[in-house]
Amino acid sequence: MTADAESFAPFDAADYLATLDDVVAYLEAAIEDADDDPALIAQSLGVVARSRNVSELARRAGMSREGLYKALSAEGNPSFATVLRIAKALGLRVHFESVA
């Protein structure tokens with residue numbers, strides 16, 4: 001590579017989730033964009049997990065670190081109970097609102 005060549009690292013949203021407000025805005029946008037795709041929501045929770053201490057988050061959620069990674073991976077399919085436990089461990093609450 002020459003001295004003038006630029007190199008770029010792959011974009012990772014986890015690098016930009018510094019505050020809880022950032023996390024909430026990211027997850028709200030993910031839910032809005034998910035278009036009823038629960039896998040996208042799980043993957044978004046995985047991004048949030050990576051932005052935090054994964055081992056500590058897994059402990060607070062009552063899961064193994066590996067189990068957390070697996071549940072929130074592209075191939076994962078976490079139960080709603082798991083999503084609720086992870087949200088609680090992140091200091092978040094899942095709620096519903098009328099859209100009609």
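This passage describes the salt bridges of a predicted model and the surroundings of S51. Local features require pLDDT of at least 70 and side-chain atom pairs pLDDT 80 or more, while totals for chains, interfaces and linings use all residues. Residues are numbered from 1 along each chain as its sequence is written, and side-chain values use heavy atoms, with hydrogens and water left out.

Three salt bridges (a side-chain nitrogen of Lys or Arg within 4 Å of a carboxyl oxygen of Asp or Glu) are present in the structure. One of them joins the side chains of R50 and D12, with an N to O distance of 2.5 Å. Because R50 belongs to helix α2 and D12 to the segment before α1 (20-34), this pair ties together parts 38 residues apart in sequence. Helices are DSSP runs of H or I with at least four residues, numbered from the N terminus. R50 is partly exposed at 39% relative accessibility, and D12 is partly exposed at 22%; buried denotes under 20% relative accessible area, exposed over 50%, and partly exposed the range in between (1.4 Å probe, protein chains only).

In helix α3 (residues 54-61), R59 and E56 are three residues apart, about one helical turn, and their side chains form a salt bridge at 2.5 Å, N to O. R60 also bridges to E56, the closest N and O atoms being 3.7 Å apart. E56, R59 and R60 are thus linked in a network of salt bridges. R59 is exposed at 54%, whereas E56 is partly exposed at 28%.

S51, in helix α2 (residues 38-51), is buried at 19% relative accessible area. A polar atom of the S51 side chain lies 2.6 Å from the backbone oxygen of V48.

How values were computed. Helices (H or I, at least four residues) and strands (E, at least two) are DSSP runs, numbered from the N terminus. A polar contact is a pair of N or O atoms within 3.5 Å; within protein, one must be able to donate a hydrogen and the other to accept it, and residues adjacent in sequence count only if both atoms are side-chain atoms.
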